[in-house]
Amino acid sequence: MTFFRFFLLFVFLIPLSQTASSAGLALLTVASLILPQRIPALVGWVKNSWDMLLFFLMLGIGLSYSEDKTSGWSTLETSLSLITVPLVMTRLGEFGPRQLQQVFLAFTAGLIVALCICLSYAGYRLGHGGGTPVFFFYNLTGVIDFQPTYVAYYLIASITFGFYLLYYEKPAVSIKWIAATLIFLFGALLLTGGITAFVSVLYVFAFFMLKYLLEAKSRIQTVTFVLVCLMVAGMFTFNELRHIDPTGFSLDDSWERLDLWEAALQACANPLLGVGTGDGEAVLNAYYAGHGMAQYASSNLNPHNQFISVYLSNGLLGLISFLLLLFRPLYLSVKRSNALGALIFFPFIIYGMTEVFLGRYQGVIFFALLRQSFILFYQGFTPTFSLKRA
């Protein structure tokens, strides 16, 4: 029980501080290795996270033929959470619906605290002549040293969980409190998210709207439906207002994605193995420089596509291992008719189409935590969460 509480503290710190959460993960990893019954824990670790281990192994193999070993080791360090988070979670014992909810609640609590810090600092800057742009994107999340893209991903996961509680569960907390929290999180999403984030959350909203229209309705479900409709309307309205806003802020994160994707595909000289772990940036910059794309080279732009980025660095073999890593939890969610799991993991496909979400600790730890939480939950799965209502 004590270990699980420390684990929840670590989860709370993930959206709040990269330094604090990585330090907490390191301590939990050491504790996992020195606790009794090490062999059964290691067996469970391999059994539950073989796809993570395979992907990490492909990164290690890619390091063996890369030229920039320093960048390669940095990539492995960034991806280390794919190994340590499953190891730590093998020590949690029973992991059922209650534990899954506690993980989401701890994560959301940390996210709310982080947002309060960001908004408070933005308000302070506004009062000192900063102007309204202090409430958007990097200006907003810079105080906690987080990229707004990852904060948007965090927000979508917490919003999804909140709506799931309202629609499917009988929450112990007042409906008004949950609704107020969802409105707060959605408002923050408008400030931090771009087009990609909006498409991802629209998928979640569409699910609850369709469920409501096709099934019998309860009072709570009607409240959920109305709240979802208001958020959809607010999202489209906000997206239109950005075009006429005098401050000039923009939510458009699509820009020259196709050029970057084509460049990365063309730059990969070895389709089977890729250019090597850590060499992707140098190879891509050389391609930019040789094909009249000097602006991209000076900005060190990555492919902005997780699938293509893995292909560039580790080839088709690496891409296959990544697809296993990405689709295994989604497959298990659909197989077990688990609505929450499907809603949580499908957006990662959208994220992967426009961002390298495993390129930073903030994305790796987020994916590793959610992925392993649902894998452990499915081990003792009961049909509490369902895509189809009885």
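1. The solvent-exposed surface of the protein amounts to about 17400 Å², of which carbon and sulfur atoms supply 66%. The model under review is a predicted one, and every value below is computed from it. Buried residues account for 55% of the 390 residues in the protein.

2. On overall dimensions, the C-alpha trace of the protein spans about 60 × 60 × 45 Å along its principal axes. The radius of gyration is 21 Å, which agrees with the value near 21 Å that a compact globule of 390 residues would have. As to the contact pattern, 78% of the contacts with a separation of 6 or more are between residues 24 or more positions apart.

3. The secondary structure consists of 18 helices, with zero strands. The points that follow therefore refer to helices and to the loops between them, given that strands number zero.

4. The structure holds three salt bridges. Two of the pairings involve Asp-51: one with Arg-328, where the closest N and O atoms are 3.1 Å apart, and one with Arg-371, where the closest N and O atoms are 2.4 Å apart. Asp-51, Arg-328 and Arg-371 are accordingly linked in a network of salt bridges.

5. Where do the partners in this network lie along the chain? Arg-328 belongs to helix α16 (residues 306–335) and Asp-51 to helix α4 (residues 50–64), so their salt bridge ties together parts that are 277 residues apart in sequence. The pair of Arg-371 and Asp-51 also links distant parts of the chain: Arg-371 is in helix α18 (residues 361–379), 320 residues from Asp-51 in helix α4.

6. Are the members of this network buried or exposed? Both Arg-328 and Asp-51 are buried. For Asp-51 the relative accessibility is 0%, a value at which the residue counts as buried because the cut-off is under 20%. Arg-371 likewise has 0% relative accessibility and counts as buried.

7. A further salt bridge joins Glu-215 and Lys-211, with the closest N and O atoms 2.7 Å apart. Lys-211 has a relative accessibility of 10% and therefore counts as buried. A charge–ring arrangement is also found at Lys-217, whose charged end sits over the ring of Tyr-212 at 5.4 Å from the ring centre.

8. A search of the whole structure finds 34 aromatic pairs. In one of them, the ring centres of Phe-7 and Phe-10 are 5.8 Å apart and the planes are at 50°, so the pair is tilted. The class follows because planes under 30 degrees apart count as stacked and those over 60 as edge-to-face, with the rest tilted. Phe-7 and Phe-10 are three residues apart in helix α1 (residues 2–13), which means that about one helical turn separates them. Phe-7, at 1% relative accessibility, counts as buried, and Phe-10, at 2%, also counts as buried.

9. Ser-158 is located in helix α9 (residues 148–168). Its relative accessibility is 2%, so Ser-158 counts as buried. Leaving aside residues up to four places away in sequence, Ser-158 touches Phe-107, Thr-108, Leu-111 and Leu-185.

10. Val-223 offers a contrasting environment. This residue lies in helix α12 (residues 219–241) and, at 31% relative accessibility, counts as partly exposed. Val-223 and Val-334 are 111 residues apart along the chain, and their C-alpha atoms are separated by 26 Å.

11. Two backbone conformations deserve a remark. Asp-145 has a positive phi of about 60° although it is not a glycine. Asp-145 is in the loop between α8 (137–141) and α9, and its relative accessibility of 63% means that it counts as exposed.

12. His-304, which is not a glycine either, has a positive phi near 55°. The residue is placed in the loop between α15 (294–299) and α16. Unlike the exposed Asp-145, His-304 is buried, with a relative accessible area of 11%.

Conventions
Residues numbered from 1 in each chain as written. Predicted model: local features only at pLDDT ≥ 70, side-chain atom pairs only at ≥ 80, totals over all residues. Heavy atoms only, no water. Phe/Tyr/Trp six-rings, centres within 6.5 Å; stacked < 30°, edge-to-face > 60°. Helix = DSSP H or I, 4+ residues; strand = E, 2+ residues; numbered from the N terminus. Buried < 20%, exposed > 50% of the residue type's maximum accessible area, 1.4 Å probe, protein only. Lys NZ or Arg CZ within 6 Å of the ring centre and 35° of its normal. Rg over C-alpha atoms; globule rule 2.2 N^0.38 Å. Contact = heavy atoms within 4.5 Å. Areas by Shrake-Rupley, 256 points an atom, 1.4 Å probe, with all protein chains shown as cover. Salt bridge = Lys/Arg side-chain N within 4 Å of Asp/Glu carboxyl O.
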